[in-house]
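Hi everyone, thanks for making time today. I'd like to walk you through a structure that is new to most of you, so please have a look at it with me.

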Amino acid sequence: MSMPTQQRILKTALPGPRSIELQANRNDALANGLGQTLPIFVEEAGGSIIVDVDGNHIIDMASGIAVTSVGASNPRVVARIAAQAEKFTHTCFLVTQYDVFTEVAQALNRITPGDHAKKTALFSTGAEAVENAIKIARVATGRPAVVVLSHAYHGRSLLTMSMTAKNLPYKEGFGPFAPEVYRAPSPYPYRWAGGAEVSAEEALAALREIIVTQIGATNVAAIVMEPIQGEGGFIVPPPGYLAAVQELATEHGIVFVADEIQTGLARTGDMFACDHEGVVPDLITTAKALAGGMPLAAVTGRAEIMDAVPAGGLGGTYAGNPVACAAALGAIEAIEEDGLVQKARDIEALARPRLEALAGDGSVVGEVRGRGAMLAMEFVRPGTTEPAPEIAKAVAAHCHAEGVLVLVCGTFGNVIRLLPPLVIEPALLDEALTVIEQAVEAQR
Ligand code: PLZ
């Protein structure tokens, strides 16, 4: 296996002629509902470089939405995939079993927050993991209601779409939605009503009011939260908030589910974002970075909750596919052996000050936030906090034209997020940041 040169190389304008050709076929063959960020077609990818069909080397600041944290085509992952594929690719774990499934479960039981007795079930996608966490919590509690936050993203299936906050493009026209989903205000310090910095107590009071007064705590099966909201705009709650939510959940026999699908597995500079504040959720959902690019997801949590569903109640034809499980063992090994938690912190140390230098009075950058290698800039009309999605779009387009792949997110579409592979070389990160700085400067 050859690793592409870890350098930005532009041979054509982006997209190049070959990508433009393939785009025409794509448009003829594919359903319109499938979106795209950068209309290039990929030939190969390795480390933090994506090579397109025109030979352009693009710096990856997206990791396929926080998936290839160990780098694209990580050798440990690729070797395990190849070895497993040689042996067998599928049996369906519900039919005949294989030990690599158990090994992934053991690893997750070990690395997730808390040292209580834990159990794991594996699935294929993040949405499936969240759905199953709710199934488990409902059986364990005998209650129906699910409480989520504004700005939340939990998936595109019926239940998880219902839990997702943003209408366009995720929900418009797709109703009716799943019942018994309730929403509390997200503590979004930059945009809390009145412009005040929200305190953990204030945000908790709003959550308590909805749970205790409106729904009735004895009707609530689960509170589901992303410890740092991802698609919603990399929103970091005030310190102490998550711990207080876990306490509230425990007080009322509610299952607290931390959706760490985007934040998990070293991304934020801790193995899990909950670790940063010593929060131990009852259940935790993982996916994305878990298997270095193969589709694998998990629910891990307190053994007594996980065991509430009788045999046969959980599963899926592909749930815990052996090739994906083998990839996960490679990815977890890379995270642990190659010190990727520390690498995420190093990325923050290098990137954050440079992003922060772009913010300030009269800047289009209203706020820089995030943690570890999960960093974002929120764009506003200068001198206000009014969202400026057109500026975020222009900055992203500038970066894309220069061969730096960044992603836009946020409820208002005005946030640029950086999710580089944790293995990114400092020189390459430095170059990507220079392009990003130029793109922001061009908007001043
Ligand atoms: N929970 C916190 O971030 C996936 C969505 C991409 P799946 N986020 C990327 C898109 O537009 O479809 C995500 C997440 C959190 C759940 C999910 C869902 O994970 O693997 O996409 O189903």
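Let's begin with Pro15, which sits in the segment before helix 1, residues 17-29. One thing to keep in mind throughout is that this is a predicted model. The peptide bond that leads from Leu14 into Pro15 is cis, with omega near -5°. There is also a cis bond between Leu168 and Pro169, where omega is about 5°. Pro169 belongs to the loop between helix 6 and strand 6. For those new to this, most peptide bonds are trans, and most residues other than glycine have a negative phi.

That brings me to the backbone angles. Which sign does phi have at Phe234? It is positive, near 55°, and Phe234 is a residue other than glycine. You'll find Phe234 in the loop between strand 7, residues 220-225, and helix 8. Phe234 has 0% relative accessibility, so it counts as buried. Ala266 has a positive phi too, near 85°. Look for Ala266 in the loop between strand 8 (255-259) and strand 9 (283-286). Its relative accessibility is 0%, and therefore Ala266 counts as buried.

Now to the helices. Please find helix 7, residues 200-215, and helix 8, residues 241-251: their axes come within 9 Å and cross at roughly 30°. Because of that angle, helix 7 is roughly parallel to helix 8. As for handedness, the crossing of helix 7 and helix 8 is right-handed.

Let's go out to the surface. Which residues make the nonpolar surface patch of about 290 Å²? They are Leu158, Phe174 and Phe177. Phe177 is in the loop between helix 6 (158-163) and strand 6 (181-184). With a relative accessible area of 36%, Phe177 is partly exposed.

Next come the charged side chains. How many salt bridges does the structure hold? There are 22. The general idea is simple: side chains of opposite charge can pair when their charged atoms come close.

Here is one such pair, Lys119 with Asp307, whose closest N and O atoms are 3.1 Å apart. This pair links distant parts of the chain, since Lys119 is in strand 4 (residues 118-123) and Asp307 is in the loop between helix 9 and helix 10, 188 residues apart. Lys119 counts as partly exposed at 39% relative accessibility, and Asp307 is also partly exposed, at 45%.

Another pair is Arg302 with Asp282, at 2.8 Å between the closest N and O atoms. Arg302 is in strand 10, residues 297-302, while Asp282 is in the loop between strand 8 and strand 9, so this salt bridge ties together parts that are 20 residues apart in sequence. Are these two buried or exposed? Asp282 is buried, with a relative accessible area of 8%, whereas Arg302 is partly exposed, at 21%.

Glu390 and Arg381 also meet in a salt bridge, 2.9 Å from N to O. Glu390 is partly exposed at 39% relative accessibility, and Arg381 is partly exposed at 27%. Elsewhere, Arg76, Arg80, Glu333 and Asp338 are joined into one network by salt bridges that share partners.

My last stop is Tyr318, in the loop between helix 9 (303-306) and helix 10 (322-337). At 57% relative accessibility, Tyr318 counts as exposed. How many residues separate Tyr318 from Pro189 in sequence? The answer is 129, and in space the two are 40 Å apart, C-alpha to C-alpha.

Thanks for listening!

Methods: Residues are numbered from 1 along each chain as its sequence is written. This is a predicted model: local features need pLDDT of at least 70, side-chain atom pairs count only at pLDDT 80 or more; totals for chains, interfaces and linings use all residues. Side-chain values use heavy atoms; hydrogens and water are left out. Patches are made of residues with over 30% relative accessible area and no salt bridge: like charges are joined within 9 Å, nonpolar side chains (Val, Leu, Ile, Met, Phe, Trp, Tyr) within 5 Å. Accessible areas come from the Shrake-Rupley method with a 1.4 Å probe; for residues, only the protein chains shown count as cover. A salt bridge is a side-chain nitrogen of Lys or Arg within 4 Å of a carboxyl oxygen of Asp or Glu. Helices (H or I, at least four residues) and strands (E, at least two) are DSSP runs, numbered from the N terminus. Buried means under 20% relative accessible area, exposed over 50%, partly exposed in between (1.4 Å probe, protein chains only). Axes are lines fitted to C-alpha atoms, for helices over the stretch in contact, and angles run from 0 to 180 degrees between N-to-C directions. Angles under 35 degrees count as roughly parallel, over 145 as roughly antiparallel, 65 to 115 as roughly perpendicular and the rest as oblique. A crossing is left-handed if the near helix is turned anticlockwise from the far one by less than a right angle, and right-handed if clockwise.
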